[in-house]
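Q: I'm new to reading protein structures, and I'd like a close look at just one part of this one. Please walk me through the charged side chains and how they pair up.
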Amino acid sequence: MKVAITGTPGVGKTTVAREVGALLHLQHIEIAKFAREWGAVIEEEDGTLIVDEDILKERIDAMDDVVIDSHFSEIFNVDYVFVLRCEPKILYERLKERGYSLQKVKENVLAEILDSCLINALQHHPPQRVFEINENPVEEIVSIVKNPSPHKSLLHGSKTAFLTEENLTLVE
Ligand code: DAT
């Protein structure tokens with residue numbers, strides 16, 4: 001089985017993917033580390049990696065039983081995509097604490113407000129395989145994998161509404 005855990009930087013992908021991997025016996029692939037190990041980094045700027053997607057895709061296609069932890073999910077053939085969501089206010093604080101520049105904090109918070117990762121996932125994967133995860137991410141993901149129900153998937157739309165005036169003040 002192949003699972004992708006995606007979302008804006010700071011939403012909790014690595015924290016959650018580690019636990020999900022341990023519980024479901026899936027190898028955790030942190031995509032930035034994996035890209036470095038396989039010489040798939042083309043360029044690095046301000047902590048952001050430009051990666052060779054063909055190398056990553058080829059390597060990961062040849063593997064099984066993995067949980068892929070990546071802010072982009074579109075190139076991977078997976079059984080499920082879980083898009084982690086985070087309140088923009090909380091994300092703003094997390095990214096500031098991480099030492100991101102104000103510009104980079106705002107860019108990422110805006111991406112979360114505008115559902116960028118979710119839209120990206122839906123453009124490349126069937127909606128019944130894409131799940132939006134807001135709370136209790138580890139429990140929710142494990143439960144969906146054990147009992148996949150299209151009712152919880154993006155086939156029935158997103159339940160997140162981060163595009164509010166209040167949230168937009170964060171990125172002014
Ligand atoms: P990502 O891999 O998406 O960049 P991360 O796993 O590194 O995110 O988490 C970013 C920070 O947020 C890190 O300090 C741990 C914290 N964090 C992650 N998930 C959390 C949660 N559900 N509740 C509180 N803090 C969380």
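A: What follows is a tour of the salt bridges, then of a charged patch.

First, some ground rules: this is a predicted model, in which local features need pLDDT of at least 70 and side-chain atom pairs count only at pLDDT 80 or more, while totals for chains, interfaces and linings use all residues. Residues are numbered from 1 along each chain as its sequence is written, and side-chain values use heavy atoms, with hydrogens and water left out.

Side chains of opposite charge can pair when their charged atoms come close. Searching the whole structure turns up eight salt bridges (each one a side-chain nitrogen of Lys or Arg within 4 Å of a carboxyl oxygen of Asp or Glu).

Let's zoom in on Arg 85. One of its partners is Glu 112, and the closest N and O atoms of this pair are 2.9 Å apart. This bridge ties together distant parts of the chain: Arg 85 sits in the loop between strand 6 (80-84) and helix 4 (88-97), while Glu 112 belongs to helix 5, 27 residues away. (Helices, H or I with at least four residues, and strands, E with at least two, are DSSP runs numbered from the N terminus.) Arg 85 and Glu 112 are both buried (buried is under 20% relative accessible area, exposed is over 50%, and partly exposed is in between, using a 1.4 Å probe and protein chains only).

Arg 85 also meets Glu 132 in a salt bridge, at 3.0 Å from N to O. Here too the pair links distant parts of the chain, with Glu 132 in strand 7 (residues 130-133), 47 residues from Arg 85. Arg 85 counts as buried because its relative accessibility is 6%, and Glu 132 counts as buried because its value is 13%. Put the shared partners together, and Arg 85, Glu 112, Asp 115 and Glu 132 end up joined in one network of salt bridges.

Now for another pair. The side chains of Lys 33 and Glu 30 form a salt bridge too, at 3.4 Å from N to O. Lys 33 has 49% relative accessibility, so it counts as partly exposed. Glu 30 is also partly exposed, because its relative accessible area is 22%.

What about charges that gather without pairing? On the surface, Glu 43, Glu 45, Asp 46 and Glu 107 come together in a patch of negative charge. A patch takes residues with over 30% relative accessible area and no salt bridge, and joins like charges within 9 Å. Asp and Glu count as negative, and the place of a charge is taken as CG of Asp or CD of Glu. Glu 107 lies in helix 5, which spans residues 102-113. With a relative accessible area of 46%, Glu 107 is partly exposed.

Helix 5 also holds Lys 104. With a relative accessible area of just 12%, Lys 104 is buried. Leaving out residues up to four places away in sequence, Lys 104 touches Asp 46, Gly 47 and Thr 48 (contact means heavy atoms within 4.5 Å). Asp 46 is one of the patch members, which makes Lys 104 a handy place to start if you want to find this corner on screen.

Definitions and conventions:
Patch = residues over 30% accessible without salt bridge, like charges linked within 9 Å, V, L, I, M, F, W, Y side chains within 5 Å. Areas by Shrake-Rupley, 256 points an atom, 1.4 Å probe, with all protein chains shown as cover.
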